[in-house]
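Student: I would like a close look at one part of this model, the antiparallel sheet, read residue by residue. Please then place that part beside the rest of the fold and the ligand site.

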Amino acid sequence: MDIITNIDEMQQRCLAARAQGKRLAFVPTMGYLHEGHLSLLRAARDAGDILVLSIFVNPTQFGVGEDFDSYPRDLDRDAEMACSVGTDWLFAPRASAMYPKGYATWVDVEGLTGNLCGASRPGHFRGVTTVVCKLFGIVQPHVAFFGQKDFQQLAVIRRMSADLNLPVEVRGLPIVREADGLAMSSRNVNLSPAQRRQALALFAGIRLAAAQVAAGERDSRRVLAAVRERIQQEPEATVDYIQICHDETLTDLETIDRHALLLLAVRVGTTRLIDNHHLGEEIPES
Ligand code: AMP
């Protein structure tokens with residue numbers, strides 16, 4: 001596996017590989033890899049001839065007072081893990097090269113970014129779409145893999161790729177969880193042992209909602225109230241949002257139907273965790 005930090009070198013390698021008829025599969029991340037990332041890398045490994053992983057903690061998607069500085073980083077550990085699943089090229093550019101003096105171009109997806117994380121983290125998705133667009137321009141992948149854990153991010157990137165006619169196939173893969181149900185996240189390492197236990201409330205809330213829907217409940221408000229109550233039992237948990245949305249438009253749904261997606265963002269201590277679950281999957285075909 002080669003580690004490349006230079007943007008031009010990365011682009012030249014990718015263009016040369018493309019010219020040789022090689023298929024490029026790409027997994028963009030912020031590093032501090034875990035099994036969720038590895039699931040994307042394994043799928044990407046099978047989808048192309050050359051597997052490119054990027055690791056870049058993108059400053060423009062963090063707001064003022066957010067955790068850019070405390071975001072976990074360990075490139076040596078990441079390189080070992082990436083190599084173990086067959087990554088060919090690890091691209092780790094510097095922020096000063098991605099956003100040099102005079103940088104002035106932004107990609108902004110409207111509509112889909114107005115709700116959920118877009119509402120609670122102003123400017124976040126503008127940073128995400130800008131960096132993913134730049135990474136697509138550098139790597140020029142045939143196929144790129146993203147996790148459904150960041151469901152709204154995946155929807156926004158699909159929209160951007162379609163709207164800008166980017167020649168990239170965007171694929172989304174299921175959430176990978178710890179054995180006890182906590183969705184894997186690089187940020188989990190910042191939880192104290194007590195907070196780690198409290199973080200299970202997100203999955204407990206999801207299970208509660210799924211059980212209610214399985215028992216016939218279709219009123220979003222009642223389900224949301226039950227989930228909120230469960231999460232608020234934890235002393236260090238602060239709800240950012242708990243919503244039930246349509247899985248394509250990401251607008252709120254009053255009545256739970258086959259499109260219903262439960263999405264949560266909860267701060268446990270100072271660590272912001274997100275999770276989601278497709279409640280509609282439990283609803284039998286009528
Ligand atoms: P991040 O490094 O957190 O920006 O994530 C990089 C990619 O990995 C994104 O597409 C995430 O959606 C995906 N990802 C993160 N956590 C998980 C998980 N637990 N299961 C599946 N995919 C994940």
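Tutor: Two strands are taken to pair if DSSP finds at least two bridges between them, and that criterion underlies what follows. The model is a predicted one, and the part you ask about is an open sheet of 3 strands in the order β7-β8-β9, with antiparallel pairing. Its edge strands are β7, covering residues 237-246, and β9, covering 271-278, each of which pairs on one side only. On average, and with direction ignored, neighbouring strands of this sheet are turned by 15° against each other.

Between strand β8, residues 260-268, and β9 there are 8 bridges, and the two strands run antiparallel. Within this pairing, leucine 263 stands opposite asparagine 276 in β9. Across β8 and β9 lies helix α9, made of residues 201-214, and this helix runs at about 20° to β9.

A useful residue on which to centre the view is histidine 277, which lies in strand β9. Apart from neighbours within four places in sequence, histidine 277 is in contact with Ile206, Ala210, Ala260, Leu261, Leu262 and Glu282. For one of these partners the contact can be described further, since the side chain of histidine 277 makes a polar contact with the side chain of glutamate 282, at 3.1 Å. As a longer-range reference, the C-alpha atom of histidine 277 is separated by 16 Å from that of threonine 249, a residue 28 residues away along the chain.

The other sheet in this account is also open, but its pairing is parallel, with 6 strands in the order β1-β4-β3-β2-β5-β6. Here the edge strands are β1 (2-4) and β6 (169-173), each pairing on one side only, and neighbouring strands are turned by 25° against each other on average, again with direction ignored. Strand β2, residues 24-29, and strand β3, residues 50-55, run parallel and are joined by 6 bridges; valine 27 has leucine 53 in β3 as its bridge partner.

Helices pack on this parallel sheet as well. Helix α2, residues 35-47, touches β2, β3, β5 (143-147) and β6, and its direction makes about 160° with that of β5. Helix α6 touches β2, β3, β4 (89-91) and β5, with a direction at about 150° to that of β2.

Helix α6, residues 124-139, also packs with helix α1, residues 7-19, at an angle of about 55° and with the axes 7 Å apart, which makes α1 oblique to α6. In this contact Ile7, Met10, Gln11 and Cys14 of α1 meet Gly137, Ile138 and Val139 of α6, and the residues involved divide into 5 nonpolar, 2 polar and no charged.

There remains the ligand, which is surrounded by 18 residues, the closest being Met30, Gly147, Asp150, Val176 and Met184. Three polar approaches can be followed atom by atom: a polar backbone atom of glycine 147 is 2.9 Å from an oxygen atom of the ligand, a polar side-chain atom of aspartate 150 lies 2.7 Å from an oxygen atom of the ligand, and a polar backbone atom of valine 176 is 2.8 Å from a nitrogen atom of the ligand.

Key. Residues numbered from 1 in each chain as written. Predicted model: local features only at pLDDT ≥ 70, side-chain atom pairs only at ≥ 80, totals over all residues. Heavy atoms only, no water. Axes fitted to C-alpha atoms, helices over the stretch in contact; angles between N-to-C directions. Helix = DSSP H or I, 4+ residues; strand = E, 2+ residues; numbered from the N terminus. Parallel < 35°, antiparallel > 145°, perpendicular 65-115°, else oblique. Contact = heavy atoms within 4.5 Å. Nonpolar A, V, L, I, M, F, W, Y, C, P; charged D, E, K, R; others polar. Near = heavy atom within 4 Å. Polar contact = N/O pair within 3.5 Å; in protein donor to acceptor, adjacent residues only side chain to side chain.
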